[in-house]
Every structure is written in structure tokens, then in C-alpha cells.
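Colleague: I should like to learn how to read a ligand site and a helix pair in a model. May we go through both in turn?

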Amino acid sequence: MIWNESMECMSRDQMHDLQSRRLRNMVERVYHNVEFYRKKMQALGLEPGDIKTIEDLVKLPFTTKQDLRDNYPFGLFAVPKSEIVRFHASSGTTGKPTVVAYSRKDINIFAEVVTRALCCSGVTRNDIVQVAFGYGLFTGGLGLHYGAEKLGAAVVPISGGNTAKQITLLQDFGSTVLVCTPSYAAYLAESIAEAGIDPQELPLRVGVFGAEPWSYEMKKKIEDGLKIKAYDIYGLSEIIGPGVSNNCDCQDGLHIAEDHFVPEIIDPITLNQLDPGVTGELVFTTITKEAMPLLRYRTRDLSSLDYSPCECGRTNVRMAKIFGRSDDMLIIRGVNVFPSQVESVLLEIPEAKPHYMLIVDRKGTMDTLEIQVEIDEKFFSDEMSQLNNIRNKIKDKVESVLGISVIISLVEHKTIKRSEGKAQRVIDRRKI
Ligand code: DLL
């Protein structure tokens, strides 16, 4: 079902007009209400009246995560504090968290876009949705919660972790939809198998997974392990949270709620806009948000845009699945390596489980990449030669894809810490 046909299926011309109108209003608002943007625009010699259509986006200044940090906690708000009804924050690995705020209208938009995303994933009001994203400052739990409620589905607000209870509720409540990170879904699939439960017997039918990059091979492992169809949900706190975009049944990219968030792809070096189909950094401008609207927010996520019609009937632009962020990219002996590339290769190998860790180090002047891989117990053997065969097979495949030599360490079942939220897959020990 398409939740909001008028917004998800309008002609490209209508969308252009709607976005342009909303952009004009939004620029006017931030210019008058957010000192940070007024100063930035003045520095560029820009006045709100210079922004007439969506093509004028390129004139506007970018916003970065650093800008949010510099204005911590409330410096970018465009409404008085009395208008704010909720905060979220993303933890960030260093320093203070990034704070985001929502007005009542923003909260309604948040629920609306998550409802659309769930409908895109084939969820209906007859479903029972087990929300295994963390509830709290993270946008995942509450975001999916209100979206599923708005749809009219029944929500099981279990939050992340507590795996034994997750399984009990999957069985006893008969949840039909699971939403969580893909790494946690893989862990749940493993735990269900270990408990001797046949996933075929569970009513679970759909998984809506996101908040971290995951490969197609990971998707297949989860679909096989849980006997479900998996969909990709994307979003980021700065823009709203989950629901910025989602796979439809065609699973060829993720439809963006572009009546609220206007995407661009830029070259991260020259900052020039790139054409549809070309991969670069994804940038969003919020055109309806009240409390903390952002102009041209640089996500660091790498993607491309596809404006061609989709068979599902939605006309909203599709973004390509995100396989990594520019800051996830490891440079090892001068070669660019994305953790998701390694994941794709590993998971094509039947003996490998979807649990791995990349350890980057430097010996002398030489970077090293060790990949720890868990091996399916049924292949674990006391025979050295058999383990060596598996190790060599993995090493050959990974090296041929990455183009650098790697050290493969086969580790025993459960050696690698299981993730209940966003997985940490890289330890970089280089002191650069
Ligand atoms: O992760 C919001 C979210 C919650 C999205 C639940 C989907 C589901 P942040 O914590 O601010 O917000 O992290 C945002 O996570 O810039 C991407 O790098 C990454 N990310 C989010 N969804 C996906 C996805 C939430 N489907 C950052 N695929 C983003 C790949 C994703 N990466």
C-alpha cells in the first residue's frame, strides 16, 4: 500500500514546484530566525529573495556535523524553546553528542515519513511490529514506534537487546514484523537457530533494517536465517531520524520523502553537484522542519540518485543503498577499503558467519589488515588442513577484491562480540 499517494506519486513537475515553494519559505525562516545561517548567507552575499526555485539550492551554504557541534546544544534552533516537544541526540564517537530538536509539527512529520517507510516495506495495520531498535536519545526506537502506531499496526516496544525475551515475544505475541539493525537481526537469527526453533514456524514475515551499512550478502543471510523478506530503512538524526528513505517492493534503491527532504549528490572535494547516477556524498535540505531546519547538510554517506519511474508507482526519487560513509573508509597501504566490501566477500563464503572484525595496525611503516572471521561450527574441525583450506579460500577471495594482502584469522563461535545496536566492525590501532 502507498500511504500518501498525493505526496509519493506526484509528477516531477509538481514536485519541483512544491519543493521550490517550501524551500523559499524555509530559507526565509532560517534567515530571520537562525543567526548562524543569516551570517553564512550574508557572507555569501545572499538574501532570501535570491532563492526562487530548487535549482538555486547550489547558492546556499553547506552545513556540517562540525557546525552542529560548534552550536551545541541549542544554537541552530529556529523556534523558541517553548515550541520544542522532543530532543534526540546521536552519541558520536568523540566529544559532545549532536543534539536535534522537534516541534509538534516536526514530530508529526517524523511519524508520517516512518509510516510511509513501513508501507513501502509492505507493513499493514494488521501487523504486529516488534521494535528492537533502542529507545531513548537514539531516533530508531521512538521513530519506528510512532510510525507503526500511526499506520495502525500493533507495536511491541521491546527496545534493543534482551535476546531471549525478543525470541519469546516473537513466539508468544507472533510478531510479524521485526525492526532493528541488520547486525542485531543476524544475531537474532543465530540465537533462534541455537534455541532449536524453526524460523519457518514463526509468524515473522518482514524485516525493516537500517541505521548501519549492510551488504546484499548480509541481507540474504538474514532473509535465509529468519525466513523473511528484508527492507532497508535509512535516515539520520540531523535530518529527522529513520524514514528519510526506504526500499519498496522493487528493492531497487530507497524512495526519499523528498516533499520534506531535498537530496543532492556532491563531489566531496569540489563540492559541486553531481548528475543523477553518479556516486558522491549525499546532502539533504529539510524544507518543512520547524525546530531545527538544516540547509544542505553533508551526511558523509555515499550514494547516487535515480529519478527514473519505479514500477511500484511511487515517483519519489530513489537513492542507492548506502555501503559506507566517507569517514568509514580505511586507507590501507594507500588502497581505499570499505568494511562493507569485506562483508560482501566474506558472506559469499558458506563457511563464514556474519560476524567479523577488521583490525588495522601498523608494523614499522607497513599497514596491516587482519580480518577475524567466525566459522560456522559445522565446518570447524580439529584437522589443521581443513581449517587451512578455509582460511586460504577466504584470503584469496578477499585479496582479489581488495587488491591488498590481508591476514585471515579464523576464530571460534561467539568470539566476536554480538551487537544489539549499531555494530562496531573496525578497530584501527594505527597511531597516525
Ligand atoms: O541511524 C537513524 C535510523 C534509525 C536510521 C533506525 C534507520 C533506522 P543516526 O544515529 O544519526 O541515525 O545515524 C545516521 O547511520 O548517516 C548512515 O551513515 C547510517 N545509516 C542509517 N541508516 C542506514 C542504512 C540513525 N539503511 C547514520 N544503510 C547515517 C546504511 C545507514 N547506513
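**Reading the ligand shell and a helix pair**

Modeller: Certainly. Please bear in mind that this is a predicted model. We begin with the elements that line the ligand: α6 (139-151) and β7 (229-236) each supply at least two residues of the surrounding shell.

Colleague: Which element gives the largest share of the shell around the ligand?

Modeller: That is β7, with five residues. By class, the shell comprises nine nonpolar, five polar and six charged residues.

Colleague: Which residues come nearest to the ligand?

Modeller: Of the 20 residues around the ligand, the nearest are D232, I233, S237, D301 and K422.

Colleague: How should I read the polar contacts of the ligand?

Modeller: A polar contact is a pair of N or O atoms within 3.5 Å. Here, a polar side-chain atom of D232 lies 2.7 Å from a nitrogen atom of the ligand. For D301, a side-chain N or O atom is 2.6 Å from a ligand oxygen atom, and a polar side-chain atom of R325 lies 3.1 Å from an oxygen atom of the ligand. The ligand taken alone exposes 610 Å², of which the protein buries 94%.

Colleague: At what angle do the axes of α5 and α6 cross?

Modeller: The axis of α5 (residues 104-120) comes within 7 Å of that of α6, and the two cross at roughly 75°. Angles of 65 to 115 degrees count as roughly perpendicular, and α5 and α6 are therefore roughly perpendicular to each other.

Colleague: Which residues meet there?

Modeller: In α5 they include F110, V114 and L118, and in α6 they include L144, Y146 and L151. The residues of this contact divide into nine nonpolar, four polar and two charged.

Terms used. Residues are numbered from 1 along each chain as its sequence is written. This is a predicted model: local features need pLDDT of at least 70, side-chain atom pairs count only at pLDDT 80 or more; totals for chains, interfaces and linings use all residues. Side-chain values use heavy atoms; hydrogens and water are left out. A residue is near a molecule or strand if one of its heavy atoms lies within 4 Å of it. A polar contact is a pair of N or O atoms within 3.5 Å; within protein, one must be able to donate a hydrogen and the other to accept it, and residues adjacent in sequence count only if both atoms are side-chain atoms. Accessible areas come from the Shrake-Rupley method with a 1.4 Å probe; for residues, only the protein chains shown count as cover. Helices (H or I, at least four residues) and strands (E, at least two) are DSSP runs, numbered from the N terminus. Ala, Val, Leu, Ile, Met, Phe, Trp, Tyr, Cys and Pro count as nonpolar, Asp, Glu, Lys and Arg as charged, and the others, Gly among them, as polar. Axes are lines fitted to C-alpha atoms, for helices over the stretch in contact, and angles run from 0 to 180 degrees between N-to-C directions. Angles under 35 degrees count as roughly parallel, over 145 as roughly antiparallel, 65 to 115 as roughly perpendicular and the rest as oblique. Contact means heavy atoms within 4.5 Å.
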